[in-house]
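Let's take a walk through this one together. Have a look at the model first, and then we'll go from one residue to the next.

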Amino acid sequence: NHRLLAARAPSAQVAGVVKADAYGLGAHQVAPALAAAGCRSFFVAQLGEALALEPHLPADAALYVLNGVLPGEERHYAEHRITPVLNDLDQIARWSELARRSARKLPAAVHFDTGMSRLGLTDREADQLAGDPARLDGLDLRLVMSHLVASEESDHPHNRLQFERFAAL
Ligand SMILES: *Cc1c(COP(=O)(O)O)cnc(C)c1O
């Protein structure tokens, strides 16, 4: 699957989402198989999943946590090579503050909600961020992302709508 998708989208980086134990298939088997096929970016939902998966990934792989950094978890992210997906201004503030306190750049992804209405910065938060980009100080922004509502239906009107919102952001 990874090779097929990577060949179809040569200018894109194809990542593997292996949360919920790779959707019940076994993340410790699936992630190394994806890595052997060339996958170098992986996503899980929670920090605990990332800590358990990290030893099974190649050293040059990126590992992202979709739920982002919750209060009290900052230290674990900073000590491992795990990148939080920041979902609201509060998470951005706490991660940026840790970067300032420890005087080093911390890797981050930022998620914008373009229609899934589950995770990610709202339009209002996106405006606030655009008006005050210093909120991202200390962060090494690796990725901006959004979650498609109906990606499995290529003709679904939501896809274009979400793409346009994302491009505008
Ligand atoms: C789970 C998840 C994905 C992967 O989505 P599927 O709909 O399961 O393909 C992508 N983005 C976010 C934010 C997620 O939580």
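Start with histidine 2, whose side chain reaches the backbone nitrogen of cysteine 39 at 3.4 Å. Keep in mind as you look that this is a predicted model. Histidine 2 belongs to helix α1, which covers residues 2-8. Is that histidine buried or exposed? Its relative accessible area is 10%, and the cut-off for buried is under 20%, so histidine 2 counts as buried.

Next, hop over to valine 69. You'll find it in the loop that runs between β3 (62-65) and α5 (74-79). Loop or not, valine 69 has 0% relative accessibility, so it goes down as buried. What about its distance to proline 84? The two are 15 residues apart in sequence, yet valine 69 and proline 84 are 5.7 Å apart in space when you go C-alpha to C-alpha.

Alanine 99 is the next stop, and its home is helix α6, residues 89-102. With a relative accessible area of 2%, alanine 99 falls under the 20% cut-off and is therefore buried. If you want a partner to look at alongside it, try alanine 78: the pair is 21 residues apart in sequence and 9.1 Å apart in space, again C-alpha to C-alpha.

Now for the ligand. Where does it sit? In the largest pocket. Which residues are around it? The list reads Val17, Lys19, Tyr23, Leu66, His111, Arg118, Met145 and His147. Sort that shell by class and you get 4 nonpolar, 2 polar and 2 charged residues.

Some of these neighbours have polar side-chain atoms facing ligand oxygens at short range, so let's go through the distances. Tyrosine 23 has a polar side-chain atom 2.6 Å from an oxygen atom of the ligand. For lysine 19, an N or O atom in the side chain is 2.8 Å from a ligand oxygen. Histidine 147 also takes part, with a polar side-chain atom 3.0 Å from an oxygen atom of the ligand. And how much of the ligand's surface does the protein bury? On its own the ligand exposes 380 Å², and the protein buries 70% of that.

How values were computed:
Residues are numbered from 1 along each chain as its sequence is written. This is a predicted model: local features need pLDDT of at least 70, side-chain atom pairs count only at pLDDT 80 or more; totals for chains, interfaces and linings use all residues. Side-chain values use heavy atoms; hydrogens and water are left out. A residue is near a molecule or strand if one of its heavy atoms lies within 4 Å of it. A polar contact is a pair of N or O atoms within 3.5 Å; within protein, one must be able to donate a hydrogen and the other to accept it, and residues adjacent in sequence count only if both atoms are side-chain atoms. Accessible areas come from the Shrake-Rupley method with a 1.4 Å probe; for residues, only the protein chains shown count as cover. On a 1 Å grid over the protein atoms alone, a cavity is a set of points where a 1.4 Å probe fits but cannot get out, and a pocket is an open set with protein on both sides within 12 Å along at least five of seven lines; lining residues have an atom within 4 Å of a point. A molecule sits in a cavity or pocket if more than half of its atoms lie within 2 Å of its grid points. Ala, Val, Leu, Ile, Met, Phe, Trp, Tyr, Cys and Pro count as nonpolar, Asp, Glu, Lys and Arg as charged, and the others, Gly among them, as polar. Helices (H or I, at least four residues) and strands (E, at least two) are DSSP runs, numbered from the N terminus. Buried means under 20% relative accessible area, exposed over 50%, partly exposed in between (1.4 Å probe, protein chains only).
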